[in-house]
Amino acid sequence: MHVAVTAVGLDRPGIVATVSRVLFDFGGNIEDSRMAILGGHFAMVLIVDLPEGRDAPELEKALAEPAGALDLITTVRPVAEAEAGRASGSPYVVSVYGADKPGIVLRVSQTLAENGVNISDLATHVVGDQEPVYVMILEVDLPPGAQADAISDALKAIGSDLGVDVAFNPMDTETL
Amino acid sequence: VAVRPVLHYPAGVLKATASPVEPGPEAEALCADLVDTMRASPACVGLAAPQIGESARAFCMDVSGHPKASSCAGLVVLLNPVIVSHDGSAVTREGCMSLPDFTGNVRRATTVTVRGTGPDGTELEISADAFEARALQHEIDHLDGLLFLDRVSSLTADLFPRQRYR
């Protein structure tokens with residue numbers, strides 16, 4: 001069975017080693033995972049395959065003490081089996097940047113959802129002290145038949161509404 | 001002359017250092033297969049011998065009509081290629097026929113000059129920039145058992161600066 005493991009805590013060396021030691025000793029296999037420093041906190045989300053007969057509460061218990069020693073907030077929850085498949089749409093990259101203000105993520109993601117566009121990757125970052133600039137980069141998949149121009153226009157309209165800049169481009173991958 | 005299957009990682013030949021090739025009829029046959037196999041996939045602009053299972057220092061490339069191409073030498077078939085000079089550097093997201101479903105940001109020189117011979121032994125030198133330069137470097141990497149994953153320069157866009165907190 002697959003479980004989703006999350007852990008967040010003030011960044012310091014040893015977090016990954018500690019969590020992966022517990023998972024290894026438990027017989028879990030880390031499949032897809034993402035880990036990054038977010039605002040000084042190390043955050044990880046892992047999809048872990050557990051061996052037959054073991055379950056999420058057991059793993060959560062096993063994690064409690066070593067994770068607690070690092071002041072990590074951890075969760076372990078079972079997840080439904082997802083069917084692997086390639087994205088059928090066309091990949092695009094959306095960049096949104098400008099002065100930080102409430103609603104950027106909401107407005108952009110809402111417009112994408114309304115157009116059936118699936119977000120496959122999203123990161124936001126605030127850069128700079130004096131005049132902080134908010135940067136959001138998304139990788140999205142347009143469904144087959146989607147009107148890229150219309151989606152681009154809708155996103156740019158949000159940009160002028162919020163006073164931020166928006167770019168919408170096909171993802172540039174050079175397959176060699 | 002045949003379209004051959006394009007091998008996917010973890011085929012061992014993709015990680016091996018390929019052997020030098022003698023120009024001649026055998027090399028010509030191998031290169032004909034390379035070109036046929038490249039032409040069989042519309043998106044394919046280059047193919048190295050290890051990708052069709054031959055651990056030989058040979059590749060073909062043709063960036064004609066590619067929107068990112070600046071220099072374009074047309075169809076290039078080279079044996080024993082060596083990069084004799086390179087300049088500049090740029091990061092672009094790359095993918096590879098032998099590693100489907102993966103892409104990564106790879107830093108490569110923006111101009112290169114490559115020397116080698118044709119399948120008949122004719123000495124050739126090609127100077128390329130932009131997309132063609134990237135393609136040359138990607139194909140020559142295949143001859144040294146290097147995949148783009150060996151050269152990944154960053155996980156995502158080289159955009160978010162690394163920050164120290166505290």
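User: What makes the meeting of the side chains of B:Asp141 and B:Arg151 a polar contact?

Analyst: Happy to start there! This is a predicted model, in which local features need pLDDT of at least 70 and side-chain atom pairs count only at pLDDT 80 or more, while totals for chains, interfaces and linings use all residues. Residues are numbered from 1 along each chain as its sequence is written, chains are lettered from A and ligands numbered from 1 in the order in which they are written, and side-chain values use heavy atoms, with hydrogens and water left out. A polar contact is a pair of N or O atoms within 3.5 Å; within protein, one must be able to donate a hydrogen and the other to accept it, and residues adjacent in sequence count only if both atoms are side-chain atoms. The two side chains come to 2.5 Å, so the pair falls inside that limit. The side chain of B:Asp141 also makes a polar contact with the side chain of B:Arg108, at 2.9 Å.

User: Why is B:Asp141 called buried?

Analyst: Buried means under 20% relative accessible area, exposed over 50%, and partly exposed in between (1.4 Å probe, protein chains only). B:Asp141 has 6% relative accessibility, so it counts as buried. Its place is in helix H2 (residues 130-143) of chain B. Leaving aside residues up to four places away in sequence, B:Asp141 touches B:Arg108, B:Leu146 and B:Arg151, where contact means heavy atoms within 4.5 Å.

User: And what makes A:Pro57 exposed?

Analyst: Its relative accessible area is 52%, and the cut-off for exposed is over 50%, so the label follows. A:Pro57 belongs to helix H2 (residues 56-69) of chain A. Its C-alpha atom is 45 Å from that of A:Ser152, 95 residues away along the chain.

User: Which helices and strands are counted in chain A, and by what rule?

Analyst: Helices (H or I, at least four residues) and strands (E, at least two) are DSSP runs, numbered from the N terminus. Chain A has four helices and nine strands. Among its 176 residues, 35% count as buried.

User: How many square ångströms do chain A and chain B bury between them?

Analyst: About 1900 Å², with 58% of it on carbon and sulfur atoms. A:His125, A:Glu174 and A:Leu176 supply 42% of the area that chain A buries against chain B, more than any other three residues. Buried area is the accessible area (1.4 Å probe) that two parts lose on being put together, summed over both. The contact draws on 20 residues of chain A and 24 of chain B.

User: Why does the pair B:Arg134 and A:Glu174 count as a salt bridge?

Analyst: The rule asks for a side-chain nitrogen of Lys or Arg within 4 Å of a carboxyl oxygen of Asp or Glu. Here the closest N and O atoms are 3.8 Å apart, so the pair qualifies. Three salt bridges are found across this interface. There are also five residue pairs in polar contact (both at pLDDT 80 or more). On the side of chain A that touches chain B, E6(A) gives the largest share, four residues.

User: What makes E9(A) and strand E4 of chain B a pair?

Analyst: Two strands pair if DSSP finds at least two bridges between them. Two bridges join E9(A) to strand E4 (residues 90-95) of chain B, so the condition is met, and the strands run parallel. In this pairing A:Glu174 stands opposite B:Glu94 of E4(B).
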